[in-house]
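Let's take a quick walk through this model, starting with one residue and working outwards. Have the structure open while you read.

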Amino acid sequence: MRSRVSLGSFAELIPGHARIIALAGGRSVIVVLSKEGVRAFMNECKHLPTPLNVYGEDPIVDGALLCRSHGARYTLEEGMCFSGPCRGKFLDAVHVDRQGDQLSALVEIPEVYVEEES
Ligand code: FES
């Protein structure tokens with residue numbers, strides 16, 4: 001099931017720092033301000049299904065997204081792995097909608113987290 005999730009304020013995005021938006025089920029979205037504008041990706045490495053910032057730190061290091069587990073590095077613009085064990089693969093991009101200062105996205109929420117009516 002797809003649900004609309006707030007990604008926060010555009011004006012409060014800081015170049016060189018990522019915003020992490022927690023979702024139901026322990027997943028999260030990374031929002032960054034790249035040279036080409038706002039980008040968002042599912043926070044799940046393409047080497048193994050783990051968050052890039054497994055220890056809770058900012059995943060942007062030296063202008064790229066870094067997976068702390070085994071060192072994969074991804075571009076901010078496309079989420080393309082250019083270094084590490086999943087070289088050539090892409091993070092799952094999340095389309096960002098902007099209304100004024102507010103950012104949001106439609107993201108997939110696992111069915112198990114959707115409340116059923118009784
Ligand atoms: S899990 Fe990300 S590089 Fe291995």
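Where does Met-80 lie? This is a predicted model, and in it Met-80 sits in the loop between β7 (73-74) and β8 (81-83).

So is Met-80 buried, exposed or partly exposed? Being buried takes 20 or more C-beta neighbours within 10 Å, and exposed means 12 or fewer. Met-80 has 18 inside 10 Å, so it counts as partly exposed. Leaving aside residues up to four places away in sequence, Met-80 touches Tyr-74, Thr-75 and Phe-90. You can also check a distance from here: Ala-93 is 13 residues away along the chain, and its C-alpha atom is separated from that of Met-80 by 10.0 Å.

Now for another loop residue. Asp-62 lies between β5 (60-61) and β6 (64-66). Its phi is positive, about 50 degrees, although Asp-62 is not a glycine. Most residues other than glycine have a negative phi. Asp-62 has 7 other C-beta atoms within 10 Å, so it is exposed.

Here are the two loop residues in one place:

| Residue | Loop | C-beta atoms within 10 Å | Class |
|---|---|---|---|
| Met-80 | β7 (73-74) to β8 (81-83) | 18 neighbours | partly exposed |
| Asp-62 | β5 (60-61) to β6 (64-66) | 7 others | exposed |

On to the inside. The largest nonpolar core has 22 residues, and those with the most contacts inside it are Leu-7, Val-29, Ile-30, Val-31, Val-32, Ala-40 and Leu-65. Which elements give two or more residues to this core? They are β3 (28-34), β4 (37-42) and β10 (102-108), with β3 giving the most, at four residues.

Ala-40 is a handy place to look around in that core. Not counting residues up to four places away in sequence, Ala-40 touches Leu-7, Val-29, Ile-30 and Val-31, along with Val-94, Val-96 and Ala-105.

Finally, zoom out. The protein has zero helices and ten strands, so from the N terminus on the elements simply run β-β-β-β-β-β-β-β-β-β. The radius of gyration is 14 Å, close to the 13 Å that the globule rule gives for 118 residues, so the protein is as compact as a globular protein of that length. Along its principal axes, the C-alpha trace spans about 50 × 35 × 25 Å. Of the 118 residues, 25% count as buried. Among contacts between residues at least 6 apart in sequence, 46% join residues at least 24 apart.

Notes. Residues are numbered from 1 along each chain as its sequence is written. This is a predicted model: local features need pLDDT of at least 70, side-chain atom pairs count only at pLDDT 80 or more; totals for chains, interfaces and linings use all residues. A nonpolar core is a set of buried Ala, Val, Leu, Ile, Met, Phe, Trp, Tyr and Cys residues joined through C-beta atoms within 7 Å. Two residues are in contact if their C-beta atoms, placed from the backbone, lie within 7 Å. The radius of gyration is taken over C-alpha atoms; the globule rule is 2.2 Å times the number of residues to the power 0.38.
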